Amino acid sequence: MQATTTVPTELVWAFLGFLLVALLRGQATYWLARGAASGVARRGRDDPRWRGWAQSPTARRGRELLTRFGWPAVTLCYLAVGVQTVVLASAGAMRMPWGRFTAAQVPGAALWAGIYSTIGWTAWVLLVRHAVASAWLWLALAGVVAVLAGTAWWRRRGLDASVEQPPGA
């Protein structure tokens, strides 16, 4: 008797959905940055908004990664949190050829979709299932949200105790 293995249909649809989102987002980021770079090149490089972004440490990091590693940086950026958008935008701004960009993007997007549709999706489903059944999880989640909101409010208001100055100073 031959054993057969089937992949759940939901997993396939989740993978395809995440893959489509990753590909569309990556292409949109690439083309927006490429268009912005072309517009700046036509008008001159004195646009303060462009210069502000192009000289930022984040944009510099994206350019350095692309310069150092080339197209594999596009593939690997999908596995790193915090550099994906800047690497994709840098590829567009540096006018990486579209075919090379897309060829590098597809395996990275597939890896990202694979991770999110299996581990990430499973974690989400488990969280939702347990959240429905557990009031303690809802209370913990509400506590985390309250702490994050309070911290954001505290920082925005500038009420950090270590920086607070005495009256009349």
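**Figure 1. L19 sits in helix α1.** In this predicted model, L19 counts as buried because its relative accessibility is 17%, and the cut-off for buried is under 20%. Leaving aside neighbours within four places in sequence, L19 is in contact with three alanines: A109, A110 and A113. The view also takes in G114. The C-alpha atoms of L19 and G114 are separated by 8.1 Å. Along the chain, these two residues are 95 residues apart.

**Figure 2. R34 in helix α1 touches a run of residues that includes R95.** R34 is buried, with a relative accessible area of 16%. Not counting residues up to four places away in sequence, R34 touches G92, A93, R95, M96, P97 and W98. The C-alpha atoms of R34 and R95 are separated by 6.2 Å. The two arginines are 61 residues apart along the chain.

**Figure 3. R95 is found in the loop between α5 and α6.** R95 has a positive phi of about 60°. This residue is not a glycine. R95 is partly exposed, with a relative accessible area of 44%. In contrast, its contact partner R34 is buried.

**Figure 4. The largest nonpolar core has 19 residues.** Six of them touch the most other members: L66, V74, Y78, V87, A91 and F101. Five helices each supply at least two residues of this core. They are α1 (9-43), α3 (57-69), α4 (72-77), α5 (84-93) and α6 (98-133). The largest share, 5 residues, comes from α6.

**Figure 5. Close-up of F101, one of the core residues that touch the most other members.** Neighbours within four places in sequence are left aside here. F101 is then in contact with G26, Q27, Y30, V74, L88, A91 and M96. Among these partners, V74 and A91 are also listed with F101 as core residues that touch the most other members.

**Figure 6. Helices α6 and α7 cross at roughly 110°.** Their axes come within 5 Å. Angles of 65 to 115 degrees count as roughly perpendicular, so α6 is roughly perpendicular to α7. On the α6 side, the contact is made by L127, H130, A131, V132 and A133. On the α7 side, A135, L137 and W138 meet them. The residues of this contact divide into 7 nonpolar and 1 polar. None is charged.

**Figure 7. Helix α7 spans residues 135-157.** The helix has 23 residues. From its first C-alpha to its last, α7 reaches 32 Å. That is close to the 33 Å expected at 1.5 Å a residue. Just after α7 comes G158, which takes a positive phi of about 70°.

**Figure 8. The whole protein chain, shown for orientation, has 7 helices and 0 strands.** Read along the sequence, the pattern is α-α-α-α-α-α-α. The chain has 169 residues, and 26% of them count as buried. Contacts between residues at least 6 apart in sequence were also sorted by separation. Of these, 72% join residues at least 24 apart. The pair L19 and G114 from Figure 1 is 95 residues apart along the chain. The pair R34 and R95 from Figure 2 is 61 residues apart.

Methods:
Residues are numbered from 1 along each chain as its sequence is written. This is a predicted model: local features need pLDDT of at least 70, side-chain atom pairs count only at pLDDT 80 or more; totals for chains, interfaces and linings use all residues. Side-chain values use heavy atoms; hydrogens and water are left out. A nonpolar core is a set of buried Ala, Val, Leu, Ile, Met, Phe, Trp, Tyr and Cys residues joined through side-chain atoms within 4.5 Å. Buried means under 20% relative accessible area, exposed over 50%, partly exposed in between (1.4 Å probe, protein chains only). Helices (H or I, at least four residues) and strands (E, at least two) are DSSP runs, numbered from the N terminus. Contact means heavy atoms within 4.5 Å. The expected span of a helix is 1.5 Å times one less than its number of residues. Axes are lines fitted to C-alpha atoms, for helices over the stretch in contact, and angles run from 0 to 180 degrees between N-to-C directions. Angles under 35 degrees count as roughly parallel, over 145 as roughly antiparallel, 65 to 115 as roughly perpendicular and the rest as oblique. Ala, Val, Leu, Ile, Met, Phe, Trp, Tyr, Cys and Pro count as nonpolar, Asp, Glu, Lys and Arg as charged, and the others, Gly among them, as polar.
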